Amino acid sequence: MLNVKRAKKKIARKLTPYFLKELFRFLNLYSKITGKGIGNDDLKAFDDLSKHVIELFYHTYKNGSIWTTLFVPSEIIFAMKLHPFSLEIAAALCSKFGQSSHALAEADLAAIPTDVCSFHRTALGNAYMGAYPRPLFLAGTSSICDSNIKTIKICESITGKKNMIVDVPYEMNDNSVKYLANQLISLTKCLEEATGKKMEKRSLSEAIDLSNKTREKMLELNRVRLDPLSPLAGGDGLGFMVPSHFLIGSEYSVNFYTKLVEELKDIIVSRRKNGEKADEKEIRLLWLELKPYFKADVFDKIENAGKTKIVFEEINYVYWDKLDPDKPYESLARKLISNHNNGPLENRLKVIKMLAKDYNVDGIIAFSTWGCRRNNAAIPTIKAELAKEGYPLLNLDGDCVDDSNYMSGQIATRTEGFVEMLSSRK
């Protein structure tokens, strides 16, 4: 029996790389023929977003890619006509297609500690199996997650490719901006050497312009969502790290946010014409952190607990100023440093309190994924500080990628109690 299990695992390790490589080739062909993606059926913008991701991943497998962690400025990569490949987003997609267990098993075989974030464990498992597209260069930042640095270094040992870690300072001042801007210039030079492509000033200006257009549409979307008749579900909003960070600097992100804003406005106008009004008894929730990307019922549990709506998500707060096309590297440096999760916890607390007030929420839910020390260690302090402002917080323990760390029954019980308490308060 033991030999059979080993044989099955061995076959899975051989099939997974082939499956992932062929998957995006098939999905790209499918979307070209049918015009459909794999997104939300209710909002066409999500279908377009999925087609954009499929197309980009198809090109990464066909032409090679720049492996990145999430906060590496995609503006620089798109400006050089290269293809970014976010290790964390690839891990989330792997989980969505039910393939993360094979990658996690491979990470275990490589002695990657089980208490490491499952985004990074899945990414490394796939890298060991050769499931990801050919890397041309590896780039990471020290932003927010300390696993970024370790993951890039391990990927270096797996692939033999050169890499650069961008060190992001905590404090915003002239010296730290200059220090970081010089690193981004060095990153550009490394990409030029690794790929043979040159950064053109005009192309970088175009990428900065596209990034600014995305930012404006993100701000407009956030204003639209202040309307109580906005139909956007919180679970959908938790997928926006793809267009807001991974795809930013490209037409992909501009197209998505433009279409989404237009759709939401049309739906709100239609609802108002039909006499729909906001339900005063509805429980309004703010969501902190991310969500499970495998098939999970957490949002069903929240909805079943009572009349609830996730009105906004912390990750969709626009924390950076408009970029200056005449000072692209300095602007991108300021953008990285200004992330409210970068530096002291007070920065994040200030933003959470502001969002809770702006979106008139009744309570806050934090989803604490296993292995995320940055968030999980901060939750007790965040909960205590928010309680002083009158905002109850429910902390749900779970996982974003590894479904073995997801407890459906426990989430249902805790969610029901939390919503019942909020209802009685309201």
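# A walk through two sheets and their helices

Helix 5 (residues 100-109) packs against helix 6 (residues 118-129) at an angle of about 80°, and their axes are 7 Å apart. Helix 5 and helix 6 are therefore roughly perpendicular to each other. On the helix 5 side, the contact is made by Ser-100, His-102, Ala-103, Leu-104, Glu-106, Ala-107 and Asp-108. Helix 6 brings Ser-118, Arg-121, Thr-122, Gly-125, Asn-126, Tyr-128 and Met-129 to that contact. Sorted by class, the residues where helix 5 meets helix 6 come out as 5 nonpolar, 6 polar and 3 charged. Keep in mind as you look around that this is a predicted model.

Helix 6 has another partner to look at. Its axis and that of helix 7 come within 10 Å and cross at roughly 5°. That makes helix 6 roughly parallel to helix 7, since angles under 35 degrees count as roughly parallel. Here His-120, Leu-124, Ala-127 and Tyr-128 of helix 6 meet Ser-147, Asn-148, Thr-151, Ile-154, Cys-155 and Ile-158 of helix 7. The contact of helix 6 with helix 7 has 6 nonpolar and 4 polar residues, and no charged ones. Tyr-128 turns up in the contact with helix 5 and again in the one with helix 7.

## The sheet with strands 1 to 4

Helix 7 leads us to a sheet. The chain goes from strand 3 through helix 7 (residues 147-159) to strand 4, in a β-α-β crossover that is right-handed. Strand 3 and strand 4 belong to an open sheet of 4 strands with parallel pairing, in the order 2-1-3-4. Which strands sit at the edges, pairing on one side only? They are strand 2 (84-86) and strand 4. Direction ignored, neighbouring strands of this sheet are turned by 25° against each other on average.

Within the pairs, Gly-140 has Ile-165 in strand 4 as its bridge partner, and Trp-67 is bridged to Phe-85 in strand 2. Two helices are worth finding here. Helix 4 (residues 87-96) packs on the sheet, where it touches strand 1 and strand 2, and its direction makes about 60° with that of strand 2. Helix 2 (residues 44-63) lies across strand 1, strand 2 and strand 3, and runs at about 110° to strand 2.

Here are three of the parallel strand pairs, with one taken from the other sheet, which comes next.

| Strand pair | Sense | Bridges |
|---|---|---|
| Strand 1 (residues 65-68) and strand 2 | parallel | 3 bridges |
| Strand 3 (residues 135-141) and strand 4 (residues 163-166) | parallel | 4 bridges |
| Strand 7 (residues 363-369) and strand 8 | parallel | 6 bridges |

## The sheet with strands 5 to 8

Further along the chain there is an open sheet of 4 strands, again with parallel pairing, in the order 6-5-7-8. Its edge strands, each pairing on one side only, are strand 6 (308-313) and strand 8 (393-398). From one strand to the next the twist averages 30°.

To see how strand 7 lines up with strand 8, look at Ala-366, which stands opposite Asn-395, and at Ser-368, which stands opposite Asp-397. Helix 17 (residues 379-388) packs on the sheet, touching strand 5 (283-288), strand 7 and strand 8, and its direction makes about 160° with that of strand 8. Helix 18 (residues 408-425) also packs on the sheet: it touches strand 5, strand 6, strand 7 and strand 8, and its direction makes about 170° with that of strand 8.

Is strand 8 largely enclosed or largely open? Of its 6 residues, 5 are buried, so strand 8 is largely enclosed by the rest of the structure.

## An enclosed helix

Helix 14 (residues 328-337) can be read in a similar way. Of its 10 residues, 8 are buried, so helix 14 is largely enclosed by the rest of the structure. The buried ones are Pro-328, Tyr-329, Ser-331, Leu-332, Ala-333, Lys-335, Leu-336 and Ile-337. What covers them? The cover includes helix 3 (74-79), helix 8 (174-195) and helix 9 (201-224).

One more residue is worth a stop. Ile-185 has its place in helix 8 and is partly exposed, with a relative accessible area of 31%. Ile-185 and Glu-330 are 145 residues apart in sequence, and C-alpha to C-alpha they are 9.6 Å apart in space.

How values were computed:
Residues are numbered from 1 along each chain as its sequence is written. This is a predicted model: local features need pLDDT of at least 70, side-chain atom pairs count only at pLDDT 80 or more; totals for chains, interfaces and linings use all residues. Side-chain values use heavy atoms; hydrogens and water are left out. Two strands pair if DSSP finds at least two bridges between them. Helices (H or I, at least four residues) and strands (E, at least two) are DSSP runs, numbered from the N terminus. Axes are lines fitted to C-alpha atoms, for helices over the stretch in contact, and angles run from 0 to 180 degrees between N-to-C directions. Contact means heavy atoms within 4.5 Å. Buried means under 20% relative accessible area, exposed over 50%, partly exposed in between (1.4 Å probe, protein chains only). Angles under 35 degrees count as roughly parallel, over 145 as roughly antiparallel, 65 to 115 as roughly perpendicular and the rest as oblique. Ala, Val, Leu, Ile, Met, Phe, Trp, Tyr, Cys and Pro count as nonpolar, Asp, Glu, Lys and Arg as charged, and the others, Gly among them, as polar. A crossover is right-handed if, with the strands pointing away from the viewer, the path from the first strand over the helix to the second runs clockwise.
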